[in-house]
Structures are given as C-alpha cells and as structure tokens.
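Me: I would like to go through some side-chain and backbone features of a protein model, one question at a time. Could you reason through each one before you commit to a value or a name?

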Amino acid sequence: MRPMHESPLYSESLAPVPQEQRTWGIWSLAALWISMAVCIPTYLLASYMIRSGLNWVEALLIIGVANLIITIPMVMNGHAGVKYGIPFPVMGRAAFGINGIHVASMFRAIVACGWFGVQTWIGGLAVYAIVMAATGQDFASGITIGKFLGFAVFWFINIYFVWRGTESIKYLEEFAAPILLLMGVLLILWGSWKADGFAVVLQQNKQLENPVLMVTLESETRILHLNPFKHVDGSYKADEFQISDNGAARDWQPVAGNERIDLDAAGITGPATVQFRVASGDSQVLSSLVPVPAPSVASTGVGAKMWQYVLWLTAMVGFWATMSISIADITRYAKSQKAQIVGQLVGLPGTMMLYSFVGVFVTCAAIISFDDILIANDAPWDPVSLIAKFDNPIVVIVAQLFMIIATLSTNIAANVIAPANAFANLFPKKIDFKTGGLLTGIIGIIICPWWLIDEISGILLFISGLLGPVLGVMIADYHVVRKATYRIEDFYDTDGPFTYGGNGVNNAAMVAMVGGILLALVGYWVPQLSWLYSLSWFTGFAFAFASYSFMMKPHAYVHSHSKR
C-alpha cells in the first residue's frame with residue numbers, strides 16, 4: 001500500500017488533526033454551541049408552539065428534552081472525530097464507502113449552502129440597518145442596492161474567517177459566546193423593567209396562547225369569540241372591531257361587551273375578516289386583518305395533547321439534525337472526549353432553552369410596553385420586528401450589532417465548515433478547506449436568498465428532517481459494527497476495505513439510508529401512515545440504524561477485516 005499522504009484520497013484538509021493542533025477545550029465546545037444556538041430561529045422556536053396552544057413552560061420543556069435527545073447522538077457521532085482527528089466526509093467512508101459518502105455529504109452540504117445564503121442575507125440586512133440608522137434614513141422596503149451592499153459586506157466578513165482557518169473560527173465563537181449570553185440577560189432585564197416586574201411579564205403568556213378569533217358551535221349556532229390583548233389592569237387595548245363579510249366592511253363596534261358574536265344572527269355566512277383599532281381623534285392604530293376560522297373541532301383529550309408533544313419534540317430534534325451528522329468536523333479539534341461531551345452537554349440544551357425563553361419573555365414584555373400591539377398576530381416575535389419599534393438610533397445600532405455577531409457565529413460554525421469539508425472530499429488534491437468554504441459562499445449567492453428566502457427555508461427544514469437515516473447509518477457503523485475501532489490508513493486506501501469490492505459504495509449503507517428516507521416519506525402520500533412522516537427524524541434514524549446493523553453484522557466488518 002502506498003504511503004497515506006500520496007493517496008488521491010488524502011489532503012491536508014482531510015488528514016487526521018495532529019494532537020498538538022487539537023486545542024478546543026470544554027469552554028471552546030460550549031462557546032461554539034452557545035454562539036450557534038443564539039440565532040433568530042432559536043428565538044422563534046417557542047413562539048410556534050405557543051401559537052399552537054401550548055404554554056411557555058411546556059414549550060421550553062419540549063425544547064430542552066429535544067436538545068438533550070439530539071446531544072446524545074451528537075456526542076456519539078463526535079467520538080470518532082476526537083479519537084481519530086478526522087472530519088465527517090472521511091469518517092463516512094467507513095460506512096458508505098469512499099465514493100458512496102459523496103451522496104450523504106452532498107445532502108449535508110446542500111442544506112448548509114442554502115442556510116448560508118439565508119443567514120448571510122439576514123446578516124446583510126443588519127449591516128444595512130446600521131447604516132440607515134447612523135445616517136438617519138428609513139429602512140427601505142423591497143430589494144435595494146443598499147441591501148445588496150450590506151449582503152456583500154457580510155459575505156466578505158464570513159469568508160475572512162473561513163480564509164483564516166479553524167483557529168480563527170474558535171476565537172470567533174469564544175468571543176461571541178459571552179456577548180450573546182449578556183445580550184440575553186439584558187433583554188430579560190429590559191422586559192422586567194418595562195413591565196414593572198418579572199412575574200407580570202410572564203402572566204401575559206396566557207394572552208399569546210389564545211387565538212385572536214375562535215368559532216364554537218353552541219346548539220348548532222356559530223359563536224365568534226374575540227380575544228384582543230388586554231392591559232395589565234384587565235381593560236382591552238383595542239377600543240373597537242370591524243367585521244368584513246364577503247369583502248364588505250360593516251360598522252365599527254365597541255369591543256367591551258361584544259366578545260361573543262352570533263354569526264348566524266348577524267347574517268355572516270361567507271368568508272369574513274375582523275380588524276381591531278384604537279382611535280384617538282383623527283389618528284388610529286389598526287391591527288392586521290384576521291380571517292374568521294371554521295368552527296373549532298380540535299380534540300382536547302390527553303391522547304391528543306401527548307401526540308402534540310411528540311410532534312413538536314420531533315420538530316425540535318430535527319432542528320440540529322444536520323449538525324449531528326457532521327459534528328466530527330468540529331470534534332476533531334477537541335482536546336479530549338471529556339471536552340466534547342461536557343462542552344456539548346453544557347452548551348447546547350441550556351442555550352436553546354435560554355434563548356427560546358428570551359424570545360417568549362421579550363415578546364410578553366412588548367405586549368405591555370407597546371400600545372400599538374393589539375392582537376397576538378401582531379406580536380413582535382422575531383427580533384427584527386421588535387427592533388423596528390424603537391426610534392432611538394443608538395438602540396437600533398447596538399441591537400443590529402448583536403444581530404451581526406449572532407448571525408456570523410452561527411453561520412460560520414453551522415453552515416461553512418461542513419460543506420467546505422464535503423467539497424474538499426470530492427476532489428482532495430484540488431480543493432482544500434479554504435476553497436471549499438469559498439465554494440459554499442458562492443453557492444450561497446447563486447441561490448439568490450433575497451428572492452427565495454421563505455421558500456428555501458421551508459425546503460431546507462424539510463430536507464433536514466429527512467437526514468436521520470444518515471446519522472443512523474454512521475452511528476451503527478462506528479459503535480455497533482466496528483466497536484469504535486478504525487485503522488486510520490484504510491480511509492485513504494484506494495484498494496482497501498472501504499472500496500467495498502471496487503466501486504467504493506457500500507450497498508448496505510445505501511439501502512439503509514434510502515429505506516429510512518422512503519419510510520419517513522411514505523406517510524406524506526399515504527394518510528393512514530401519516531404518523532411515520534410526522535415522526536420523520538425518529539422513523540428514518542431507527543430504520544437505518546437497525547437495518548444497517550443487521551445487514552453488516554454478519555460480515556464482521558470490525559478492525560480485523562482491515563488487517564492485511
């Protein structure tokens with residue numbers, strides 16, 4: 001066998017990291033997760049659950065449990081990174097084959113490139129907002145030259161850290177983590193101060209749980225219930241409401257005493273909307289238009305509630321599904337197994353819960369603090385909407401600087417390292433980590449996130465939920481089949497065991513992965529099996545883990561198979 005460094009599968013970017021270069025300790029790994037977890041999606045997580053009817057305690061518990069669950073395979077998959085110093089695309093050669101790994105790693109890379117474009121556009125908007133606030137100009141709607149320039153500036157900042165290498169990324173995460181933790185504490189203090197008390201703020205969560213409009217059937221009569229926000233003293237924030245039936249607006253009516261409306265008696269039969277307002281002289285504050293829903297038939301039983309918990313748990317586990325696959329890209333720089341285990345356990349679940357709580361708390365405080373927020377639909381759940389309510393340019397600039405730090409630290413660690421290594425693995429002798437990172441950045445531009453940000457986000461979340469089988473195969477291969485034992489030379493041997501008979505593809509891994517994805521997807525088309533789709537991450541992971549372990553175990557592809 002030729003020397004490892006002469007192999008076409010070898011490059012400096014894909015080589016085992018020497019022990020002296022493994023400088024990431026417990027704080028480095030914890031800081032990495034703190035910096036990645038503090039992002040707009042985390043801030044919004046609890047809001048989705050609360051708007052579906054859960055309370056803030058239930059939402060935070062689900063987020064905490066889900067992230068504890070995903071941390072377990074994260075640590076298990078990161079074990080090989082620490083032990084052998086190899087990145088995900090190299091580690092994956094054992095399970096998928098030296099060529100088969102390209103399928104799994106490109107899945108991961110495509111998702112990351114998409115998120116890179118989306119996050120870079122968001123960061124560019126923060127740059128643009130700072131310039132607008134500093135020059136006293138209004139934030140323009142639509143796509144403008146200024147926003148493109150902001151995108152370009154933030155893009156180059158990202159590429160700078162990529163070009164400086166992984167040590168600069170470590171310093172960035174360690175720098176960002178305490179600042180972002182401080183930002184969370186300051187937001188909670190601001191909310192408590194504005195609302196005259198911590199407990200007072202949390203009491204407003206009840207208002208966020210209730211839908212603005214709800215229709216019930218009482219003796220076959222449709223009753224419309226109005227739930228606009230109330231002040232702390234119990235009085236309604238909105239003075240009046242207006243119903244539009246079939247596009248025709250009716251007279252404004254007072255809210256107080258009109259919280260229950262007989263739709264049939266009022267002659268409202270077609271599509272209808274409701275709008276709320278506060279009028280003072282010639283000025284008024286209007287809420288958004290809210291469609292009148294169909295009569296509520298939702299089940300309130302214990303079984304329905306538990307199923308709702310399971311669905312949200314699955315969604316929250318899938319949040320970091322992509323990182324759990326490629327975590328070896330990070331842990332290969334860890335000093336020890338203790339550093340990666342403790343660092344991840346400390347950094348991930350706690351930060352996710354903290355910043356989800358910050359999102360809930362600050363939104364509850366905004367209900368009290370801003371008189372123009374009349375209904376739950378208009379609550380400023382995302383930080384961008386919240387910042388827009390402040391007129392002070394200093395507040396806007398400082399808030400947007402925090403936004404830039406949070407977005408940058410998340411983008412680099414979660415959306416650049418993995419695709420950079422995946423691209424380097426495609427052509428080891430031609431593409432290194434820096435070039436792979438640059439390719440990630442270029443693809444992030446090509447997808448035009450300024451046009452497709454909403455559509456791309458939905459697609460990426462869908463794909464992320466289907467990546468459980470990749471993780472299932474890798475964990476089964478490393479911990480069950482090979483007993484956490486590799487021979488490092490085999491990863492770079494073009495005639496070795498990971499060629500799987502010559503074509504470089506392990507059919508067992510492909511069958512397990514594709515089977516897991518299809519099993520998760522079948523419920524999308526077959527209503528009777530919809531629960532498989534609802535539990536897509538768990539479904540795919542379990543099938544791939546079990547089937548791969550079964551197919552590979554008889555072959556005894558353990559360390560002995562590699563000895564020649």
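Reply: What follows is a set of questions and answers on this structure, which is a predicted model.

Me: How many salt bridges does a search of the whole structure find, and how far apart in sequence are the partners Lys305 and Glu58?

Reply: The search of the whole structure finds 9 salt bridges. In one of them Lys305 pairs with Glu58, with 3.9 Å between the closest N and O atoms, and that value is admitted because the cut-off is 4 Å. Lys305 belongs to helix α10 and Glu58 to helix α3 (residues 56-84), so that the pair links distant parts of the chain, and their separation in sequence is 247 residues.

Me: Is Glu58 buried or exposed?

Reply: Its partner Lys305 has a relative accessible area of 29%, which makes that residue partly exposed. Glu58 has 17% relative accessibility, and because buried means under 20%, Glu58 counts as buried.

Me: By about how much of a helix are Lys170 and Glu167 separated?

Reply: The side chains of Lys170 and Glu167 meet in a salt bridge with an N to O distance of 3.6 Å. Lys170 counts as buried at 8% relative accessibility, whereas Glu167 counts as partly exposed at 27%. Both residues lie in helix α7 (residues 166-195), and because they are 3 residues apart there, the separation is about one helical turn.

Me: Which residue meets Asp264 in a salt bridge, and where does that partner lie?

Reply: Asp264 meets the side chain of Arg222 in a salt bridge, at 3.1 Å from N to O. Asp264 lies in the loop between β6 (260-262) and β7 (272-280), so the pair ties together parts that are 42 residues apart in sequence. Asp264 itself counts as partly exposed at 39% relative accessibility. The partner is Arg222, and the place where it lies is strand β2 (residues 221-226).

Me: Over which ring does the charged end of Arg277 sit?

Reply: Charged ends are also placed over aromatic rings in this model, and for Lys389 the ring is that of Phe370, with 5.9 Å to its centre. For Arg277 the distance to the ring centre is 4.2 Å, and the ring belongs to Trp252.

Me: What kind of aromatic pair do Trp155 and Phe156 form?

Reply: The count for the structure comes to 28 aromatic pairs. Trp155 and Phe156 form one of them, with 5.0 Å from centre to centre and 90 degrees between the planes. Trp155 is buried at a relative accessible area of 9%, while Phe156 is exposed at 56%. Because planes over 60 degrees apart take that label, the pair is edge-to-face.

Me: How far apart in space are Tyr43 and Phe357?

Reply: Tyr43 is found in helix α2 (residues 40-51) and is buried, with a relative accessible area of 5%. Leaving aside neighbours within four places in sequence, Tyr43 is in contact with residues including Tyr355, Val358, Trp381 and Leu386. Tyr43 and Phe357 are 314 residues apart in sequence, yet from C-alpha to C-alpha their distance in space is 7.8 Å.

Me: Which elements give two or more residues to the nonpolar patch?

Reply: The patch on the surface is formed by Trp307, Val310, Tyr524, Trp525, Val526, Leu529 and Trp531, which together have about 700 Å² of accessible area. The elements that give two or more residues to it are α10 (302-317) and α20 (507-525).

Me: Which loop holds both Lys483 and Tyr500, and what is the phi of Tyr500?

Reply: Most residues other than glycine have a negative phi. Lys483, in the loop between α19 (468-481) and α20, has a positive phi near 55 degrees and is partly exposed at a relative accessible area of 48%. Tyr500, which counts as buried at 15% relative accessibility, also lies in the loop between α19 and α20. Although Tyr500 is not a glycine, its phi is positive, at about 50 degrees.

Key. Residues are numbered from 1 along each chain as its sequence is written. This is a predicted model: local features need pLDDT of at least 70, side-chain atom pairs count only at pLDDT 80 or more; totals for chains, interfaces and linings use all residues. Side-chain values use heavy atoms; hydrogens and water are left out. Patches are made of residues with over 30% relative accessible area and no salt bridge: like charges are joined within 9 Å, nonpolar side chains (Val, Leu, Ile, Met, Phe, Trp, Tyr) within 5 Å. Accessible areas come from the Shrake-Rupley method with a 1.4 Å probe; for residues, only the protein chains shown count as cover. Helices (H or I, at least four residues) and strands (E, at least two) are DSSP runs, numbered from the N terminus. Rings of Phe, Tyr and Trp (its six-membered ring) pair if their centres lie within 6.5 Å; planes under 30 degrees apart count as stacked, over 60 as edge-to-face and the rest as tilted. Buried means under 20% relative accessible area, exposed over 50%, partly exposed in between (1.4 Å probe, protein chains only). A charge sits over a ring if NZ of Lys or CZ of Arg is within 6 Å of the ring centre and within 35 degrees of the ring normal. Contact means heavy atoms within 4.5 Å.
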